[in-house]
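Let's take a friendly walk through this structure together. Please open the viewer and keep the residue numbering at hand.

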Amino acid sequence: MKCQSRSHLIGLALVPVLVLGVSACLPPSTDGASPSTSSVSPGSGSPARSQPTAVEPTANQPVGPAGPGAPQADAPVVRWVPIGPVGPNDPTSGQRYLLLQQRQCDALAQSVEGADDAAVWQAGAAVCSALQTGSRSDWQRAAAAVAATPRIPQTQCLEYVVASASASLLAQHRSNPGAVFAVEPGQGEACPRHLDGLTVVNEDLQPVATTARATGPSTGGTIVRLDGYYVRVGDILFDGVPAFPEIVSGGGDYQTLYLRMPASEGRQSLRISITDTVDIAGTVTFFYDDSGTTSSPSPSESGGTLPATGQPTGPSSTAPASELSPTAAP
């Protein structure tokens, strides 16, 4: 009887030892760990590195161009205003265009508050905002702003581009009013710099009727206007040589340049070109004529405008009224 009790006690004492031995043979717990945590790289015999646990985002994607309101992959594409010959240190027009090109809509709208020429820029800022938000009310405001834009001559190249682009983008919205557009930069350059005409003017800087060519007496004194688009005139060249004629008006950034022609000194004509911070295409020619005879210029040459002898690109600076910027009704 005592032997049986002693055996029973020994068996109870061995139970914990057996349990510990069995648990030592079991694989470690994988509770809450990646299956790769204790895996072995094939053929290496060494444990693989543990992978970090994925972190859940703490906030949802904001609504806007990169959020749920963003254009879908098949969204219709519209072209924004192209790059222009502008920089952050440019005068007012250049600075405004740069804001619009970069789609800083609110900054542009604030910068033109109270300005006399604010209308065209306000229209551009309003269309810019509507493209970003896709809001119906923003598109209504854009339509009203575009309708309030006066007609812009092509001589105001940056403003002309803004007015034309604003009207075009509004028309595209009207053709697809429910779309959220994908906006891409405009192609090419907004206002390529060029010299494309020479116009004889009077002392009040108003065009005068002359011959079909820009002409004046050999004694000099004729005032001419350099037509085209240029930002900063560096040098004025006569027959390719830097010259220093009298500047009657202009000469500042984005200002039309008026020159008083020198005496002929035996020359029959002068070929005029200018330099800017970048190349300017085209040259124009002034002719000396003491005959005193004139001929009626053709309609395309009225005002003494002489087409450039080079191959300029971009819009003509002497656009008729029919080529003024378009408008759109709300």
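The paragraphs below begin with one helix and its neighbours and then turn to some loop residues. Keep in mind that this is a predicted model.

A good place to start is helix H4, which covers residues 118–133. H4 has 16 residues, and the distance from its first C-alpha to its last is 22 Å, close to the 22 Å expected at 1.5 Å a residue. Is H4 mostly covered or mostly open? H4 is mostly covered, with twelve of its 16 residues buried. The buried residues of H4 are Ala118, Val120, Trp121, Ala123, Gly124, Ala125, Ala126, Val127, Cys128, Ser129, Ala130 and Leu131.

What covers these buried residues of H4? The cover includes strand S1 (77–79) and strand S2 (182–184), together with the helices H2, H3 (105–111), H5 (136–147) and H6 (157–175). Just after H4 comes glycine 134, which has a positive phi, near 70°.

Two of these helix neighbours deserve a closer look. Two packed helices are described by the angle between their axes and the distance between the axes.

Take H2 to begin with. The axes of H2 (residues 92–101) and H4 come within 10 Å and cross at roughly 10°. Because of that angle, H2 counts as roughly parallel to H4. The H2 and H4 crossing is left-handed. On the H2 side, the contact is made by Ser93, Arg96, Tyr97 and Leu100, while H4 contributes Trp121, Gly124, Ala125 and Cys128. If you colour the residues of this contact of H2 with H4 by character, you get five nonpolar, two polar and one charged. The numbering of these contact residues is easier to read with some helix geometry in mind: an α-helix has 3.6 residues a turn, so residues three or four places apart point the same way.

Now turn to H6. How do H4 and H6 pack? Their axes are 9 Å apart, and the angle is about 40°. That angle is why H4 is described as oblique to H6. The crossing of H4 and H6 is left-handed. In this contact, H4 supplies Val120, Trp121, Ala123, Gly124, Val127 and Leu131, and H6 supplies Glu159, Val162, Ala163, Ser166 and Leu169. By character, the residues of the contact of H4 with H6 divide into eight nonpolar, two polar and one charged. Trp121 and Gly124 of H4 are listed in the contact with H2, and Trp121 and Gly124 are listed in the contact with H6 as well.

Let's move on to the loops. Which loop holds aspartate 239? Aspartate 239 lies between strand S6 (236–238) and strand S7 (241–243). The phi of aspartate 239 is near 55°, a positive value in a residue other than glycine. Aspartate 239 has 35% relative accessibility, so aspartate 239 counts as partly exposed.

Tyrosine 254 sits in the loop between strand S8 (246–249) and strand S9 (257–260). Tyrosine 254 also has a positive phi, near 60°, and is a residue other than glycine. With a relative accessible area of 23%, tyrosine 254 is partly exposed.

Finally, look at aspartate 204, in the loop between strand S3 (194–201) and strand S4 (215–216). Aspartate 204 counts as exposed because its relative accessibility is 61%. Along the chain, aspartate 204 and isoleucine 223 are 19 residues apart, and their C-alpha atoms are separated by 9.9 Å.

Notes. Residues are numbered from 1 along each chain as its sequence is written. This is a predicted model: local features need pLDDT of at least 70, side-chain atom pairs count only at pLDDT 80 or more; totals for chains, interfaces and linings use all residues. Side-chain values use heavy atoms; hydrogens and water are left out. Axes are lines fitted to C-alpha atoms, for helices over the stretch in contact, and angles run from 0 to 180 degrees between N-to-C directions. Helices (H or I, at least four residues) and strands (E, at least two) are DSSP runs, numbered from the N terminus. Angles under 35 degrees count as roughly parallel, over 145 as roughly antiparallel, 65 to 115 as roughly perpendicular and the rest as oblique. A crossing is left-handed if the near helix is turned anticlockwise from the far one by less than a right angle, and right-handed if clockwise. Contact means heavy atoms within 4.5 Å. Ala, Val, Leu, Ile, Met, Phe, Trp, Tyr, Cys and Pro count as nonpolar, Asp, Glu, Lys and Arg as charged, and the others, Gly among them, as polar. The expected span of a helix is 1.5 Å times one less than its number of residues. Buried means under 20% relative accessible area, exposed over 50%, partly exposed in between (1.4 Å probe, protein chains only).
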